Amino acid sequence: MEWLGKRTNKRDICFLILGSFLISIAINWVFEPMGMVTGGVTGLAIVIKELTFRAFGTGLPIWLTNTILNVPLFIAGYFILGKRFIGKTLLGAAALTVFIYLIPTQNLFQNDFLLAAIFGGAICGTGMGFVLSTMTTTGGTDLLAMLIHAKIKHITVPMILMIVDASVIIFGIFVFGIHTALYAIIAIYIAAKVSDGILEGLKFAKIAYIISDKYEEIAHDILHVLDHGVTGLSATGMYSNKDKKMLFCVVAKKEMVGVLDLVSKKDPKAFVIVSDVREVMGEGFIEFRQ
């Protein structure tokens with residue numbers, strides 16, 4: 001199962017399909033039954049389904065609206081952004097649409113909007129995290145924002161995305177009311193936090209800078225006891241004006257305790273700086289694609 005730890009096409013496709021499945025669960029079991037419009041093309045599809053139900057007695061299926069709205073976006077994306085970018089995004093959008101079609105709609109939380117916002121946001125955020133870890137999206141407003149940015153360079157993609165999604169949410173307020181919209185905003189916040197946590201959890205690490213006169217012994221134990229790489233950097237103590245070696249070591253969060261314990265036993269007077277690392281690429285972490 002080593003392929004799960006490094007970016008490969010096999011791993012990306014699995015994560016993309018799993019993420020799309022979880023997002024569709026959140027849509028069909030939480031957001032759509034509760035009328036929670038969380039932005040995006042699927043949020044707009046929820047609004048359209050409600051409006052068509054009020055007008056004709058039957059709502060336009062979300063999967064169908066999702067397809068209708070995405071088709072012109074992908075056609076434009078093919079010519080503007082290129083087929084290489086569109087490839088996985090098309091797979092993500094297709095997977096999401098198929099899952100929305102296949103998974104039966106049911107209301108898990110009845111009228112408990114708070115639980116719906118919390119768990120719907122968590123499920124959706126987990127799915128988003130898996131999708132975003134593949135460096136792609138499921139189309140929709142993400143793709144629209146990129147297309148607009150390709151023509152209006154001075155406005156960033158996140159800013160365009162925020163404007164587009166905010167417009168969808170405001171549209172939802174007029175259809176479902178402000179009360180539901182406020183809970184939808186809670187769900188959006190939770191989804192963003194969870195997806196960030198998924199992305200950081202896949203790549204997060206700790207870095208230690210170790211300054212000690214016993215750097216050779218410490219480096220030896222890190223290499224042979226902890227089985228981790230370590231680098232020696234040349235440094236100069238500005239007070240003593242003496243040359244020193246500073247050890248530089250990146251490890252997983254759970255392994256930092258072992259590093260600190262090792263250093264404290266070898267040299268209780270060592271000076272150690274520990275900091276968070278947002279992303280680590282290379283052997284032992286997320287490997288570059290071959």
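In the predicted model, strands β2 and β3 form a hairpin in which four residues lie between the two strands. Within the turn, N241 has a positive phi of about 60°. The two strands of the hairpin pair in the antiparallel sense over seven bridges, with β3 comprising residues 242-251. Two of the facing positions can be named: S234 stands opposite K245 in β3, and T231 has F248 of β3 as its bridge partner.

The hairpin belongs to an open sheet of four strands, arranged in the order β2-β3-β1-β4 with antiparallel pairing. Strands β2 (231-237) and β4 (271-277) stand at the edges; each has a single partner strand, so one side of each is left without a neighbour in the sheet. On average, neighbouring strands of this sheet are turned by 25° against each other, direction ignored. Two helices pack on the sheet. Helix α9 (residues 215-224) touches β1 (205-211) and β3, and its direction makes about 15° with that of β3. Helix α10 (residues 256-266) touches β1, β3 and β4, and its direction makes about 10° with that of β1.

Residue C249 offers a closer view of this region. C249 is located in strand β3. Its relative accessible area is 1%, which is under the 20% limit, and C249 is therefore classed as buried. When neighbours within four places in sequence are left aside, C249 is in contact with K206, I207, A208, I222, G229 and V230. By contrast, the C-alpha atoms of C249 and T138 are separated by 37 Å, the two residues being 111 residues apart along the chain.

At the level of the whole protein chain, the division is into domain 1 (10-202) and domain 2 (205-277). The C-alpha centres of domain 1 and domain 2 lie 45 Å apart.

According to the unreviewed UniProt entry, the annotation "transmembrane region" covers residues 12-31, 60-81, 90-107 and 113-134. Two of these segments were examined for their secondary structure. Over residues 90-107, the chain is 72% helix and 0% strand, and the end C-alpha atoms are 29 Å apart. Over residues 113-134, the helix content is 91% and the strand content 0%, with the end C-alpha atoms 31 Å apart.

Aromatic contacts were also considered. A pair of aromatic rings is described by the distance of the centres and the angle of the planes. The structure holds seven aromatic pairs, one of which is formed by W63 and Y101. The ring centres of W63 and Y101 are 5.0 Å apart and the ring planes stand at 75°; because this angle is over 60 degrees, the pair is edge-to-face. This pair links distant parts of the chain, as W63 lies in helix α3 (residues 62-80) and Y101 in helix α4 (residues 83-102), 38 residues apart. The two residues fall into separate accessibility classes. W63, at 29% relative accessibility, counts as partly exposed, whereas Y101, at 52%, counts as exposed.

Notes:
Residues numbered from 1 in each chain as written. Predicted model: local features only at pLDDT ≥ 70, side-chain atom pairs only at ≥ 80, totals over all residues. Heavy atoms only, no water. Pairing = 2+ DSSP bridges. Axes fitted to C-alpha atoms, helices over the stretch in contact; angles between N-to-C directions. Contact = heavy atoms within 4.5 Å. UniProt positions renumbered as here; feature names shortened; annotations may be inferred. Phe/Tyr/Trp six-rings, centres within 6.5 Å; stacked < 30°, edge-to-face > 60°. Buried < 20%, exposed > 50% of the residue type's maximum accessible area, 1.4 Å probe, protein only. Domains from an automatic or database assignment.
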